[in-house]
Amino acid sequence: SVITQRWKINITYNPMTRVEFEPVYNFLLRKRGGIEPFFVVLPQYTSAQDTTFAASAYHSALSVDGSSSVAAGTKTLLISNSNYNYSTHGTPRPGDLFRVSDSNNSNHQKAYMVTRVETNADYQNGLARPSVSQLRLSFEPGFSKAVSSSSTFDFDKPKIKVATLADVQEYTLNTDNLYQYSLALEEVL
């Protein structure tokens, strides 16, 4: 079993004019290589795949079902909201990213990916059937920290805390005098 997991991200920018390039480059210079982390939102994960769920208020209003906290390492749990109904508000889907907002632990800044969603109508045989206001969510990796019962799950523009992998930042200028730039990032826990 792996002790921890980190997302590695490679970003390649389209050719940019100097006016477009300088803000990006100077922002990264201020981060002093991999010393100061920052947050990115990847365009393919900006919102949940299910447009009904993404448009509902529940994309950031579901929380741990029950009154007890969830241990670090957990990969499956029930989430709910008493006013939520999966058939009218939609659900997250496998491949969606989320973050946990935990008022008891502001340092929990890990991104997680949904691998399975179980509802009242579609659930794993042998397990208790979720109610219409519950979802059984499976995800990877397991929680890096314990999660309190007051935590909410945010599927809308989930931020990934990253740092650059290289201390040296390089760019090229093409024959049209446009800047070409790529960036290698790694999630910071």
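Good morning. I shall begin with a definition: two residues are in contact when heavy atoms of theirs lie within 4.5 Å. With that in hand, consider the structure above, which is a predicted model. Among the contacts in the chain with a separation of 6 or more, 73% are accounted for by residues 24 or more positions apart.

Let me describe the chain as a whole. There are 3 helices and 11 strands. Following the sequence, one reads the pattern β-α-β-α-β-β-α-β-β-β-β-β-β-β. The C-alpha trace spans about 60 × 30 × 30 Å along its principal axes. Of the 189 residues in the chain, 40% are buried. The chain exposes about 10,300 Å², and carbon and sulfur atoms supply 48% of that area. As for charge, the chain has 17 positive and 17 negative charges, and the mean positions of these two sets are 4 Å apart.

I now turn to the aromatic residues. How many aromatic pairs does the structure hold? The structure holds 19 aromatic pairs. One of them is formed by Phe98 and Phe155; this pair is tilted, with 5.3 Å from centre to centre and 40° between the planes. The two partners come from distant parts of the chain, 57 residues apart: Phe98 belongs to strand 5 (residues 97-101), while Phe155 lies in the loop between strand 8 (152-154) and strand 9 (160-164). Are these two residues buried or exposed? Both Phe98 and Phe155 are buried.

The same two residues belong to one aromatic cluster, formed by Phe53, Phe98, Tyr112, Phe139, Phe143, Phe153 and Phe155. Tyr112, a member of that cluster, also has a charged partner: the charged end of Lys110 sits over the ring of Tyr112, 6.0 Å from its centre. A further lysine, Lys159, lies over the face of Phe39, at 5.9 Å from the ring centre.

Finally, I should like to consider a single residue, Ser133. Where does Ser133 lie? Ser133 is found in the loop between strand 6 (111-118) and strand 7 (134-140). Why is Ser133 counted as buried? Its relative accessible area is 17%, and buried means under 20%, so Ser133 falls into that class. Which residues is Ser133 in contact with, leaving aside its neighbours within four places in sequence? They are Ile79, Ser80, Asn81, Ser82 and Tyr84.

Thank you for your attention.

Definitions and conventions:
Residues numbered from 1 in each chain as written. Predicted model: local features only at pLDDT ≥ 70, side-chain atom pairs only at ≥ 80, totals over all residues. Heavy atoms only, no water. Phe/Tyr/Trp six-rings, centres within 6.5 Å; stacked < 30°, edge-to-face > 60°. Helix = DSSP H or I, 4+ residues; strand = E, 2+ residues; numbered from the N terminus. Buried < 20%, exposed > 50% of the residue type's maximum accessible area, 1.4 Å probe, protein only. Lys NZ or Arg CZ within 6 Å of the ring centre and 35° of its normal. Areas by Shrake-Rupley, 256 points an atom, 1.4 Å probe, with all protein chains shown as cover. Lys, Arg positive; Asp, Glu negative; His and termini not counted. Charge placed at Lys NZ, Arg CZ, Asp CG, Glu CD.
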